[in-house]
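This report describes how the strands and helices of one protein chain are arranged and which charged side chains link them. The sequence and the structure come first.

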Amino acid sequence: MTAMAHEPTPTQQELLLESFLALETPEGFKAELIEGEIIVSPAPDGEHEDCLSTVIRQVLRESRVDMDCSGNKGLLMPSGGRCPKNHAVPDATFAPRALRLFRGAPSWMPCDGVAMVVEVTSAKPDGDRIAKRHCYARAGIPLYLLVDRDQETVTLHSDPSATGGADYAQAHSTAYGKPLALPDPFAFVLETADFA
């Protein structure tokens with residue numbers, strides 16, 4: 001009798017990741033794998049894009065350190081929750097221009113060197129408020145800026161290292177129309193009046 005080698009049976013997490021990576025989304029949609037859930041989102045509405053443009057324009061003009069920005073860049077992040085790897089697509093990802101982080105990067109790049117990610121809430125705001133916040137903290141992204149259209153607030157989450165990456169230790173919120181200071185390497189005051 002001959003012993004046959006068996007391929008190890010993939011786990012449910014591995015099957016989910018494999019299915020996600022093979023997913024072909026319709027044109028104009030984006031797919032993310034967050035905490036073991038595949039999330040497919042339609043193209044954002046004009047209000048969403050106006051808020052995002054307002055942030056990007058100010059960061060590129062006012063930041064103390066020259067920044068690059070990538071819209072909808074796939075980020076590969078450490079495991080968490082029910083998933084072996086998280087794959088998030090922030091509305092905007094900022095990194096110091098000197099790093100040239102986006103040049104030659106794969107579709108899903110690691111977060112090393114990312115200075116800040118930005119999300120503007122859409123149809124399912126709790127994903128941005130909770131799940132993505134935890135993913136970005138676990139990845140060690142120093143700053144997470146959330147423009148919450150339902151609550152009409154802008155929140156800067158910071159200092160994930162103080163919690164060992166479990167969450168951001170600091171959260172500074174302001175209502176639309178009030179300024180919000182961004183720390184180094186940005187070092188300027190974000191004006192939020194245009195969000196209202």
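In this predicted model, six strands form an open sheet of mixed pairing, in the order E3-E6-E8-E9-E10-E11. Strand E3, residues 67-71, and strand E11 stand at the edges with a single partner strand each, so one side of each is left without a neighbour in the sheet. Direction ignored, neighbouring strands of this sheet are turned against each other by 15 degrees on average. Strands of a sheet pair through backbone hydrogen bonds, and the pairing can be parallel or antiparallel. At the E3 edge, E3 and strand E6 (residues 92-96) run antiparallel and are joined by five bridges; Cys69, for its part, has Phe94 in E6 as its bridge partner.

Two helices lie across strands of this sheet. Helix H2, residues 46-62, lies across E3, E6, strand E8 (116-120) and strand E9 (143-148), and runs at about 155 degrees to E8. Helix H3, residues 125-138, lies across E8, E9 and strand E10 (153-158), and runs at about 170 degrees to E9. The protein chain as a whole has three helices and 13 strands.

The next topic is charge pairing. Side chains of opposite charge can pair when their charged atoms come close. The structure holds eight salt bridges, and the table gives some that involve helix H3.

| Acidic residue | Basic residue | N to O distance |
|---|---|---|
| Glu119 | Lys132 | 2.9 Å |
| Asp148 | Arg129 | 2.5 Å |
| Asp167 | Arg133 | 2.8 Å |

What do these pairs tie together? Glu119 forms a salt bridge with Lys132; Glu119 lies in strand E8 and Lys132 in helix H3, so this pair ties together parts that are 13 residues apart in sequence. Both Glu119 and Lys132 are buried.

The side chains of Asp148 and Arg129 also meet in a salt bridge. Because Asp148 lies in strand E9 and Arg129 in helix H3, the pair ties together parts that are 19 residues apart in sequence, and here too Asp148 and Arg129 are both buried.

Asp167 in turn forms a salt bridge with Arg133, and since Asp167 lies in the loop between E10 and E11 while Arg133 lies in helix H3, the pair ties together parts that are 34 residues apart in sequence. Why does Arg133 count as buried? Its relative accessibility is 17%, and the limit for a buried residue is under 20%. Salt bridges that share partners also join Asp126, Arg129, Asp148 and Asp150 into one network.

Beyond the edge strand E11, Lys178 is found in the loop between strand E11 (170-175) and strand E12 (180-182). Leaving aside residues up to four places away in sequence, Lys178 touches Leu190 and Thr192, and the C-alpha atoms of Lys178 and Ala193 are separated by 6.7 Å although these residues are 15 residues apart along the chain.

Some values describe the chain as a whole. Of its 196 residues, 42% count as buried, and the accessible surface comes to about 10400 Å², of which 52% belongs to carbon and sulfur atoms. Among contacts between residues at least 6 apart in sequence, 57% join residues at least 24 apart.

Notes
Residues are numbered from 1 along each chain as its sequence is written. This is a predicted model: local features need pLDDT of at least 70, side-chain atom pairs count only at pLDDT 80 or more; totals for chains, interfaces and linings use all residues. Side-chain values use heavy atoms; hydrogens and water are left out. Helices (H or I, at least four residues) and strands (E, at least two) are DSSP runs, numbered from the N terminus. Buried means under 20% relative accessible area, exposed over 50%, partly exposed in between (1.4 Å probe, protein chains only). Contact means heavy atoms within 4.5 Å. Accessible areas come from the Shrake-Rupley method with a 1.4 Å probe; for residues, only the protein chains shown count as cover. Two strands pair if DSSP finds at least two bridges between them. Axes are lines fitted to C-alpha atoms, for helices over the stretch in contact, and angles run from 0 to 180 degrees between N-to-C directions. A salt bridge is a side-chain nitrogen of Lys or Arg within 4 Å of a carboxyl oxygen of Asp or Glu.
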